[in-house]
Structures are given as structure tokens and as C-alpha cells.
Amino acid sequence: MKMRLLQSFQVISPLWVMAVIGAFPFWSQCQPRKFRLPIEVQEASGLYIEDEQHFWWINDSGDGPFLYRTDTSRVLRERVEIPHAFNKDWEDITHDDQGRIYIGDFGNNYHARKNLRIYIWDPQTHHTDSILFNYQDQCHFPPAYRRRNFNMEAFFWHNDSLHLFSKPDQRYKPLATKHYVLPALPGKYAAVLRDTLDTPHRVVTGAAISPDGQTVALVAYKFTLQWGFIPTSRTTVYLLQDFPEGHFLRGKVTKLPLRSTGKGPTQYEAIDFYDDETLYLGSERTLMYWQQVRRMHIKKHKTKPTSISEK
């Protein structure tokens with residue numbers, strides 16, 4: 001019996017070796033499903049994927065004016081300081097078709113800021129410009145509690161404009177994200193309110209548009225204390241498709257829940273498309289959860305319509 005098993009192994013094992021060798025190029029090209037971020041990126045609030053070697057990150061408030069580059073590993077590859085910039089409350093990052101990078105310094109937790117800014121940085125010339133802006137529909141700083149929907153943590157560039165999506169104060173209902181539009185040019189502007197989308201039990205913390213311009217992704221979460229002291233969180237990705245040009249919130253919506261890792265609550269605030277069917281999402285560091293990146297495929301998901309409130 002032992003001789004038969006040994007002979008069988010001698011025949012089969014080369015076949016297995018050939019199969020493994022043949023499959024290796026495929027494995028080597030696959031991107032990891034998740035990976036940790038380096039210690040320098042503990043509060044990942046924005047992500048721009050330039051290519052597989054250039055994942056650009058920003059930290060939330062409390063850090064300097066830095067961009068951090070990783071690939072799909074936990075190793076920090078590069079840190080770039082943005083000249084003539086200050087990180088008051090950086091919340092998201094995007095880019096245009098000329099390679100310029102836009103950094104949203106528009107975090108507004110108390111809905112009272114009058115110095116909202118978006119930095120425009122050119123990696124080729126290392127020149128920095130700014131967009132200064134206010135919201136067209138904000139008259140009070142801060143407004144009444146139930147009108148506090150002027151915090152901003154999500155935006156992207158599309159067709160020479162910047163599209164911003166608000167984060168309301170989650171203590172007050174109903175919850176919705178407002179879509180504002182700005183010119184992607186240095187200057188001082190009023191952000192124009194375009195549409196509103198109800199997001200029950202969720203607040204939007206990141207946004208991205210696919211390379212083909214056909215899909216918008218909004219990451220949103222709910223963070224609560226269960227029984228008054230146990231922190232819990234739930235994360236959903238809203239896919240927006242089949243929309244009229246520039247009116248993303250009027251499209252069809254698919255809600256994709258992000259499964260819990262079982263390691264405690266976390267906050268996903270960074271999102272970008274790797275390609276038309278692949279998203280990467282970055283989470284912040286918490287007491288129980290290391291800062292981490294997760295990949296999501298969206299090809300097989302179907303869309304369904306949802307109602308919006310137009311303004």
C-alpha cells in the first residue's frame with residue numbers, strides 16, 4: 001500500500017507543481033483584499049488612487065499638510081509636504097484630468113466655519129493655489145440644530161467642477177446628504193446646492209467617481225453607543241448610476257453593506273475607484289481597530305431606484 005501511494009504521489013505531484021507554477025502569474029497580479037495602513041496614516045480621511053503603486057492618503061485634523069503614498073502594503077513609500085498649506089481639517093482628496101490634486105480643508109463639525117478652503121496642488125510644478133468658498137444656502141453660523149448640514153467630508157472632480165457631498169449632524173433627523181457644485185478654479189465662490197439624497201441612519205464621509213464616469217460611490221456610516229456605553233458602527237456604500245449628467249443623486253441607487261470584521265467599531269472615511277469595478281476603502285484607527293484598507297468589487301451588484309428631495 002505504501003509503495004502504491006508513493007508511486008501515485010510521484011505521478012501526481014509534478015502535475016500539482018505545474019499547476020501551481022502556471023497559476024502563480026495570476027496570483028501575483030491579484031490585489032490584496034485588505035491591508036493595513038502605516039502608523040503615519042492613523043486618521044485616513046481621503047484617498048486618491050493614481051495607480052497600483054501610488055495610493056495617496058491624507059490624515060484628518062491634527063496632522064501637518066502632508067500627502068502619504070503607499071502601495072497595497074503597510075509600508076510608507078513617500079511623504080510629500082504641500083507648500084503654503086495648513087491642515088485645519090482635511091477631509092477628502094481628488095484629482096483632475098491634468099494630474100492636479102485637490103485637498104478639501106472643509107471639515108466643519110460645528111457648522112460654523114467661514115474659512116472653508118480647497119487646496120489645488122500641481123505635482124509637476126509644486127505650485128499651490130486655493131479655492132475659498134461658502135455655502136449658498138447658509139445664513140447663520142452655526143444654524144439651528146436641525147439645519148446643521150454644512151459639515152463636509154466628501155468630494156470629487158468631474159468635468160471641470162468639484163462635487164461636494166455634505167455630512168449632517170447625526171444627532172438630528174432626518175439624515176440626508178446635500179450635493180454642492182464649485183468651479184475647479186482658484187478663486188472665491190459660493191457653492192451651489194444642486195440636489196439632496198436621504199440617507200437614513202447614515203452620514204456620508206467619502207465620495208468617488210469611476211474612471212468611466214458612470215458610477216458614483218458614497219461611503220456612509222452610523223456610529224452609536226449601544227446601551228449608552230458600547231460603541232458600534234455600521235457602514236454602507238451607496239452606488240449611484242444611470243444619472244442625468246452632473247445630477248448624480250437623481251440616478252438609481254444600490255446600497256451595499258460593508259461587512260463587519262468582528263474586531264469592533266471603526267470609521268470608514270476614505271474611498272476611491274481602482275478601476276470601473278473595484279473600490280478601495282480606508283478606515284481610521286480606533287482603540288480596537290488598526291487603520292486598514294478593504295477592497296470591494298461592484299460588478300455583480302444591480303441597481304434599484306430610490307427617492308430624492310430636489311432643491
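The following questions and answers examine a predicted model of a protein.

User: How many helices and strands does the protein have?
Analyst: The secondary structure of this predicted model consists of helix and strand elements, and the chain holds 311 residues. The count is one helix and 21 strands.

User: What share of the residues in the protein is buried?
Analyst: A residue is called buried when its relative accessible area is under 20%. The protein has 311 residues, and the buried share is 49%.

User: Among contacts between residues at least 6 apart in sequence, what share joins residues at least 24 apart?
Analyst: A contact requires heavy atoms within 4.5 Å. Of the contacts between residues at least 6 apart in sequence, the share that joins residues at least 24 apart is 51%.

User: Is Ser161 buried or exposed?
Analyst: Ser161 lies in strand β11, which covers residues 161-167. Leaving aside neighbours within four places in sequence, Ser161 is in contact with Phe156, Val181, Leu182 and Ala184. Because its relative accessible area of 19% is under the limit of 20%, Ser161 is buried.

User: Which residues gather in the patch of positive charge, and is Arg234 buried or exposed?
Analyst: The surface patch of positive charge brings together Arg146, Lys173, Lys222 and Arg234. Arg234 belongs to strand β16, residues 230-241. Since its relative accessibility is 52% and the limit is over 50%, Arg234 counts as exposed.

User: Which residues form the negative surface patch, and how does Asp212 count in terms of accessibility?
Analyst: The negative patch on the surface is made by Asp212, Asp275, Asp276 and Glu277. Asp212 is placed in the loop between β14 (203-209) and β15 (215-226). Its relative accessibility is 39%, so Asp212 counts as partly exposed.

User: What is the omega of the cis peptide bond that joins Lys173 and Pro174?
Analyst: Lys173 is one of the residues in the positive patch. Pro174 is found in the loop between β11 and β12 (176-183). The peptide bond joining Lys173 and Pro174 is cis, and its omega is about 0°.

User: Where is Pro142, and what is the omega of the bond from Phe141 to Pro142?
Analyst: Pro142 is found in the loop between β9 (127-135) and β10 (151-158). The peptide bond from Phe141 to Pro142 is cis, with omega near 5°.

User: What is the phi of His84?
Analyst: His84 lies in the loop between β5 (78-81) and β6 (92-95). With a relative accessible area of 75%, His84 is exposed. Its phi is positive, in a residue other than glycine, and is near 60°.

User: What is the phi of Asp242?
Analyst: Asp242 is found in the loop between β16 and β17 (252-258). With a relative accessible area of 55%, Asp242 is exposed. Although Asp242 is not a glycine, its phi is positive, at about 55°.

User: Which residue meets Arg113 in a salt bridge, and is that residue buried or exposed?
Analyst: The side chains of Arg113 and Asp105 meet in a salt bridge, at 3.4 Å from N to O. Arg113 is buried, with a relative accessible area of 11%. The partner, Asp105, has a relative accessible area of 3%, so it is buried.

User: How many salt bridges does a search of the whole structure find?
Analyst: Among them is the one between Asp169 and Arg171, at 2.7 Å from N to O. Another salt bridge joins Arg77 and Asp71, at 3.1 Å from N to O. The search of the whole structure finds nine.

Methods: Residues are numbered from 1 along each chain as its sequence is written. This is a predicted model: local features need pLDDT of at least 70, side-chain atom pairs count only at pLDDT 80 or more; totals for chains, interfaces and linings use all residues. Side-chain values use heavy atoms; hydrogens and water are left out. Patches are made of residues with over 30% relative accessible area and no salt bridge: like charges are joined within 9 Å, nonpolar side chains (Val, Leu, Ile, Met, Phe, Trp, Tyr) within 5 Å. Accessible areas come from the Shrake-Rupley method with a 1.4 Å probe; for residues, only the protein chains shown count as cover. A salt bridge is a side-chain nitrogen of Lys or Arg within 4 Å of a carboxyl oxygen of Asp or Glu. Lys and Arg count as positive and Asp and Glu as negative; His and the chain ends are not counted. The place of a charge is taken as NZ of Lys, CZ of Arg, CG of Asp or CD of Glu. Helices (H or I, at least four residues) and strands (E, at least two) are DSSP runs, numbered from the N terminus. Buried means under 20% relative accessible area, exposed over 50%, partly exposed in between (1.4 Å probe, protein chains only).
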